[in-house]
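Dear colleague,

I am handing over the structure we spoke about, and below it you will find notes on what turned up when I went through it. Please read them with the structure open beside you.

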Amino acid sequence: MKLRFIKEEGETNFKEEELFNQLNNNNQTKKVMGTYFKFRREELPVVGDLLLSLLQRDRVKFEEYSPKYNDEFIASVSTQIHRVQDLTTTQSLTGEIKTITSELYQSLDDLIPKLNRLASYVQSANKLLVVKYADFGIREARKDIRKRNVEAYCARQKVIEQNIAKNIDQLKTEGYTEALGLEIQSDTKAIYEKNLLQEQKLRERKEHVNNNLGEFDTLWTMLSDISRIGKVVMAHDKQKADEYMFTHIIKKVRNISAKKTPVVIAPPIVTEPVVEKEEPQMENVES
């Protein structure tokens, strides 16, 4: 179920948020969970820290409203925040993914000199080749490597292997050895397998989070309660009451996230293009 807010002219964010809270409360009996206003799951611990600090600041007003907002309640919220924080960071899997990614990128970089050597042989034999250097695929393979596009590189390497087979005799006359080709094949296979391992770990982390959605829902129930009651007990002070609004909190959360140095969890397969280094060229290579 998706919640839609239709804003009439003059409507306030407060009205929008109250509508959300009302619908969210009504859905409790239907167990419609997993909707956290406009927050992402990984932002909930930050939302929790902000709301918990407000609750502690205004604790007297909360206790006047209900005795349930005591030390035990605060401790339970704090515990749930840390529990969800552990789920979002999944430190052991994050460490594994970072290590795999680092090794994967290094293996890709180590291939560049070998591809340069192969390119030199192809350029030397260019006049005699069935497939010319421009269509051999080496230049494109190096670009894929520098873009960290593993799938594209592995597919490109298969084309290169086919082109080597078509021109093996011509390449050997220039000094090419099958040992070089086998070394590139072996390195490519290792890269392909490491890329699969990286994807597996990413899936494990996602499943780990999905298998513990109840923890996120529990925290969200606590935070929704603090937000709702905070606006009630601080109604005499509009500025402080507004601080409990999710529309106000989300701005602070996004600002905090933007200032933090991100943990590298899942580097994208494709990064910003990098200017390719000058390739070794033979003079007067004919097409």
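**Salt bridges, a helix pair and a pocket**

The structure, which is a predicted model, holds 19 salt bridges. One of them joins the side chains of R254 and E43, with 2.6 Å from N to O. Because R254 belongs to helix 12 (residues 246–259) while E43 sits in the loop between helix 1 (13–26) and helix 2, this pair ties together parts that are 211 residues apart in sequence.

Helix 2 also takes part in a helix pair. The axes of helix 2 (residues 44–57) and helix 10 (residues 213–233) come within 10 Å and cross at roughly 35°, and the crossing is left-handed. On the helix 2 side the contact is made by L44, P45, V47, G48, L51 and L55, which meet F216, L219, W220, L223, I226 and S227 of helix 10. Sorted by class, this contact has 10 nonpolar residues, two polar ones and no charged ones.

Turning to the pockets, the second largest encloses about 150 Å³ of space. Its lining is formed by E151, C154, A155, Q157, K158, E161, Q185, T188, K189 and Y192. Helix 7 (150–166) and helix 9 (178–210) each supply at least two residues of this lining, and helix 7 gives the most, with six. By class, the lining of this second largest pocket divides into four charged, three polar and three nonpolar residues.

With best regards

Technical notes: Residues are numbered from 1 along each chain as its sequence is written. This is a predicted model: local features need pLDDT of at least 70, side-chain atom pairs count only at pLDDT 80 or more; totals for chains, interfaces and linings use all residues. Side-chain values use heavy atoms; hydrogens and water are left out. On a 1 Å grid over the protein atoms alone, a cavity is a set of points where a 1.4 Å probe fits but cannot get out, and a pocket is an open set with protein on both sides within 12 Å along at least five of seven lines; lining residues have an atom within 4 Å of a point. Grid points are joined across faces, edges and corners, and a volume is the space filled by probe spheres set on the points. Helices (H or I, at least four residues) and strands (E, at least two) are DSSP runs, numbered from the N terminus. Ala, Val, Leu, Ile, Met, Phe, Trp, Tyr, Cys and Pro count as nonpolar, Asp, Glu, Lys and Arg as charged, and the others, Gly among them, as polar. Axes are lines fitted to C-alpha atoms, for helices over the stretch in contact, and angles run from 0 to 180 degrees between N-to-C directions. A crossing is left-handed if the near helix is turned anticlockwise from the far one by less than a right angle, and right-handed if clockwise. Contact means heavy atoms within 4.5 Å. A salt bridge is a side-chain nitrogen of Lys or Arg within 4 Å of a carboxyl oxygen of Asp or Glu.
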